Amino acid sequence: MSTNAPCPPDAQDSAQNSALGHAPEPEVTEATPASTTPATREVPKAPGGRRALVGRRVFRTPLVRRVVYAVVFEAFAILFATLILTLMGNPPGASAAVGVVSSVVALIWNMVFNTLFERWERRSGHTGRPLWVRLMHTVLFEAGLLVFLIPAVALLLQVGLWEAFLYEAALLVFFLIYNAVYAWCFDRVFGLPDSAQ
């Protein structure tokens, strides 16, 4: 699925770098010192064709990238969901329980969904994750998550399905924005997944 050493930039990348005033990446030759070769070859691209902020490949496999992406996302999600539900008048303990259960369900769904999405992305040939692909990713992920979470929220907060739906709708508005912002920031820091490069 993933190669650890992406191909050197092609002519189009070099032309874009020159047009943007960026220095082209040096070619790796046998005369290039070994200490600079891995960093030069392994810097993933971030959104907009820029280099990732970390300046090197951090995740050696797509699975490791997905696990880190999902765990960090859900750690923040527990905090935000607990805070939002408490501000909506629910007991803090029940709000925290909803946050934890929602995050566990979302973590599992995230792994399944992103695996399927990246498979689609690879097969369809879409690269760079333009805005419409990011929006589609976010909307499909959140819609699938609602199917799983409405019954769980109803049970944990001891409310009906309609009220649970309303709570989830409020959280959905927040998480649609959070998901898109988080995904862009993660890709900017660590680079796009191999399937999108």
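**Exercise 1. Work out what share of the contacts in the protein with a separation of 6 or more joins residues 24 or more positions apart, and describe the overall make-up of the chain.**

Solution. In this predicted model, residues 24 or more positions apart account for 70% of the contacts with a separation of 6 or more. The next step is to list the elements: the protein has 6 helices and 0 strands, and reading along the sequence gives the pattern α-α-α-α-α-α. Finally, of the 197 residues of the protein, 38% count as buried.

**Exercise 2. Describe how H3 and H4 pack, and decide whether H3 is roughly parallel or roughly antiparallel to H4.**

Solution. Two packed helices are described by the angle between their axes and the distance between the axes, so these two values come at the start. H3 and helix H4, which covers residues 92-124, pack at an angle of about 150°, and their axes are 8 Å apart. Angles over 145 degrees count as roughly antiparallel, and therefore H3 is roughly antiparallel to H4. The crossing of this pair, H3 and H4, is right-handed. As for the residues of the contact of H3 with H4, they divide into 17 nonpolar, 8 polar and 3 charged.

**Exercise 3. Describe the packing of H6 against H5 and against H3, giving the classes of residue in each contact.**

Solution. Begin with H5 and H6, whose axes come within 8 Å and cross at roughly 145°, in a crossing that is right-handed. By class, the contact of H5 with H6 has 19 nonpolar, 2 polar and 4 charged residues.

Turn then to H3 and H6, which pack at an angle of about 145° with their axes 11 Å apart, and whose crossing is right-handed. The residues making this contact include Phe73, Phe76 and Phe80 of H3, together with Tyr167, Phe175 and Tyr182 of H6. By class, the contact of H3 with H6 has 18 nonpolar, 1 polar and 2 charged residues.

**Exercise 4. Find which helices each supply at least two residues of the largest nonpolar core, and which helix gives the most.**

Solution. The largest nonpolar core has 21 residues, and those with the most contacts inside it are Phe73, Val153, Leu157, Ala164, Tyr167, Phe175 and Tyr182. Helix H3 (62-87), helix H5 (131-157) and helix H6 (161-190) each supply at least two residues of this core, and H6 gives the most, with 8 residues. There is also a second, separate core of 8 residues, which includes Ala106, Phe113, Phe117 and Leu149.

To look more closely at one member of the largest core, take Val153: leaving aside residues up to four places away in sequence, Val153 touches Val98, Gln158, Val159, Ala164, Tyr167 and Glu168.

**Exercise 5. Decide whether Gln158 is buried or exposed, and examine its backbone.**

Solution. Gln158 lies in the loop between H5 and H6. Its relative accessible area is 73%, and because exposed means over 50%, Gln158 is exposed. Most residues other than glycine have a negative phi, whereas phi of Gln158 is near 55°, a positive value in a residue other than glycine.

**Exercise 6. Decide whether Ile108 is buried or exposed, and state how far it is from Val67.**

Solution. Ile108 is found in helix H4. With a relative accessible area of 54%, which is to be set against the cut-off of over 50%, Ile108 is exposed. Ile108 and Val67 are 41 residues apart in sequence, and the distance between them in space, C-alpha to C-alpha, is 10.0 Å.

Note on methods
Residues are numbered from 1 along each chain as its sequence is written. This is a predicted model: local features need pLDDT of at least 70, side-chain atom pairs count only at pLDDT 80 or more; totals for chains, interfaces and linings use all residues. Side-chain values use heavy atoms; hydrogens and water are left out. A nonpolar core is a set of buried Ala, Val, Leu, Ile, Met, Phe, Trp, Tyr and Cys residues joined through side-chain atoms within 4.5 Å. Buried means under 20% relative accessible area, exposed over 50%, partly exposed in between (1.4 Å probe, protein chains only). Helices (H or I, at least four residues) and strands (E, at least two) are DSSP runs, numbered from the N terminus. Contact means heavy atoms within 4.5 Å. Axes are lines fitted to C-alpha atoms, for helices over the stretch in contact, and angles run from 0 to 180 degrees between N-to-C directions. Angles under 35 degrees count as roughly parallel, over 145 as roughly antiparallel, 65 to 115 as roughly perpendicular and the rest as oblique. A crossing is left-handed if the near helix is turned anticlockwise from the far one by less than a right angle, and right-handed if clockwise. Ala, Val, Leu, Ile, Met, Phe, Trp, Tyr, Cys and Pro count as nonpolar, Asp, Glu, Lys and Arg as charged, and the others, Gly among them, as polar.
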